[in-house]
Amino acid sequence: MAHITVTVDGTSYKGEVEPRKLLVHWLREDIGRVGTVVGCDTSNCGACTVLLNGRSVKSCSVLAVQADGSEVTTIQGLSDGNEWHPVQTAFKECHGLQCGYCTPGMVMATVDLLSENPTPSEQEIREGLEGNLCRCTGYHNIVKSVSYAADLMSAGPTKGAK
Amino acid sequence: MIPVEFDYVKVTTIDQAIAALKAGGEDSKIISGGQSLVPVLRLRMAEPSVLVDCGAIDEMLGVREDGGSITIGAATTHHAVMSNPLVQKHALLLAQATATVADPAIRHRGTTGGALAHADPAGDVPAAALALDASFTIAGPGGRRTVAAKDFFLDYFTTAVGPDEILVSFSIPKCDWGSHYAKFNRTAQAWAIVGVAAVVNVEGGVIKEARIGLTNMAPTAVRASTVEAALVGASSAADITAAAMHAADGTRATSDLHAKADYREHLARVITARAVRAASGI
Ligand SMILES: Cc1cc2nc3c(=O)[nH]c(=O)nc-3n(C[C@H](O)[C@H](O)[C@H](O)COP(=O)(O)OP(=O)(O)OC[C@H]3O[C@@H](n4cnc5c(N)ncnc54)[C@H](O)[C@@H]3O)c2cc1C
Ligand code: FES
Ligand code: FES
């Protein structure tokens, strides 16, 4: 067993993990962050996307021990109390989801994309979300959601209310 | 699936890494970004005794200028490499090839050195390293050695890095030639069916010299030497297309569910012409 300390959604957690434990399993099983989901066994779907030290990663492809000493943000850490993150608002407003399974990963990948490129073109959005698969929407409304999120975020922090 | 049990050590120096590999015996393994290894572990296609994490060794991180070349630490992530100003200025081809690897999240974790050490024949980085005449610094129990790109890739997933050794960094002679990486694939985040990495030196509208690496046309990335020779003196699109007809010469393309060998050979010819035209502006 290995001892790890990881800050998740602003709270510091200490844990004993087997080195083979995947970060996504630690998040879900050990500290209850079940908002982050597993959608594949091949590192392709991106449903498990979280931010590790501020950048998007697929948490099924990181060992929990590798995250020792890091900061993780999951979908459950995005909202500010009752205020949704603008990306969450945008996915709701633009109907950027159907079954919702890909959504936690889509939202986290979008947060990462907009942090690097606050005004992406449609092409840049599609390429930026290349690592996230959706089996329902056909992507059009997801692309719209990301564009709208970019507008909301450039318009200032107050626009993201529920 | 859940990987088999293994031990894990995180080291901060190359010497510690080599000692940890030795202590773990023949089934010990380096883990860098884990973007090839963790999927393999999950499939239980690898059962290491110990993973030695080299992601926190200072010497293996970052890009620095070394006189006439730039040196890239093996544990530098794809994202850090492709957005690095020194790489963009002196080894643009490497940035272009790296930008086509997988997707943003995988590029945030996966490392360029890991991709080179892994040596997947469909990987995008080896062809760029070959075309850029990279050299590799390898450390092991007997000390350090430098291996040229042409001697580095040995076979499917096999390089000059021995099981008790570690790839520390690789160096690229500064190259201000025109460059382009053309990757042919059919879906998002897919591996190359064929890829072509080209750097071309053009003077007065005439190609003086070209170096071309091919992805997925043999058990390792290979240079298209016949095309390189045929390109000298080329000054028109027709010249380039004619030279590119040799792109499959001497290759050993395989057939798989993505493409048959003869289709790969056809693609190599077409994509080589595209890559050289984009790189040369001709
Ligand atoms: C869904 C998906 C799509 C992908 N698509 C592409 C693609 O289109 N093109 C592409 O090129 N790659 C692709 N990759 C692979 C990606 O490039 C990996 O990041 C890379 O191959 C491995 O780098 P890593 O740092 O993650 O290495 P790891 O996974 O940590 O290690 C890979 C192997 O290399 C060895 N190793 C690593 N570092 C060293 C070192 N310094 N010295 C000695 N041995 C070492 C390890 O022991 C292991 O055997 C994809 C991966 C995934 C999961
Ligand atoms: S669960 Fe599919 S990429 Fe992680
Ligand atoms: S909404 Fe169902 S997978 Fe995307």
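**Exercises: ligand 1, a pocket and two cavities**

An oxygen atom of ligand 1 is 2.8 Å from an N or O atom in the side chain of S36(B). The model is predicted, so local features need pLDDT (the predictor's confidence in each residue, from 0 to 100) of at least 70, side-chain atom pairs count only at pLDDT 80 or more, and totals for chains, interfaces and linings use all residues. Residues are numbered from 1 along each chain as its sequence is written, chains are lettered from A and ligands numbered from 1 in the order in which they are written, and side-chain values use heavy atoms, with hydrogens and water left out.

**Exercise 1.** Describe how ligand 1 is held by its surroundings.

*Solution.*
Step 1. Locate the ligand: ligand 1 lies between chains A and B. Chain B has a mean pLDDT of 97, and 100% of its residues reach 70 or more. The model scores are ipTM 0.95 and pTM 0.97.

Step 2. List the neighbours, where a residue counts as near if one of its heavy atoms lies within 4 Å. There are 32 residues around ligand 1, and I30(B), Q35(B), L37(B), T111(B) and D124(B) come nearest. By class, 15 are nonpolar, 14 polar and three charged; here Ala, Val, Leu, Ile, Met, Phe, Trp, Tyr, Cys and Pro count as nonpolar, Asp, Glu, Lys and Arg as charged, and the others, Gly among them, as polar.

Step 3. Add the polar contacts (pairs of N or O atoms within 3.5 Å). Besides S36(B), a backbone N or O atom of I30(B) is 2.6 Å from an oxygen atom of ligand 1. A polar side-chain atom of K183(B) lies 2.9 Å from a ligand oxygen atom.

Step 4. Assess the cover: of the 970 Å² of accessible area (Shrake-Rupley method, 1.4 Å probe) that ligand 1 has on its own, the protein covers 94%.

Step 5. Assign elements, taken as DSSP runs numbered from the N terminus (helices H or I, at least four residues; strands E, at least two). Strand 2 (28-31), helix 7 (112-118) and strand 10 (166-173) of chain B each give two or more residues to the shell. Helix 7 of chain B gives the most, with four residues.

**Exercise 2.** Characterise the second largest pocket.

*Solution.*
Step 1. Fix the terms. On a 1 Å grid over the protein atoms alone, a pocket is an open set of points with protein on both sides within 12 Å along at least five of seven lines; a cavity is a set where a 1.4 Å probe fits but cannot get out; lining residues have an atom within 4 Å of a point.

Step 2. State the volume, the space filled by probe spheres set on the points: about 740 Å³.

Step 3. Describe the lining. Of its 34 residues, R126(A), E127(A), G128(A), L129(A) and E130(A) lie nearest the centre. Helix 4 of chain A supplies the largest share, six residues. The classes are 14 nonpolar, eleven polar and nine charged.

**Exercise 3.** Describe the lining of each cavity of 30 Å³ or more.

*Solution.*
Step 1. Count them: the structure holds two.

Step 2. The largest cavity has about 40 Å³ of space. Its lining includes T49(A), N132(A) and P104(B), and has three nonpolar, five polar and no charged residues.

Step 3. The second largest cavity has about 30 Å³. D120(B) and F153(B) are among its lining residues, which comprise five nonpolar, two polar and one charged.

Definitions and conventions:
A polar contact is a pair of N or O atoms within 3.5 Å; within protein, one must be able to donate a hydrogen and the other to accept it, and residues adjacent in sequence count only if both atoms are side-chain atoms.
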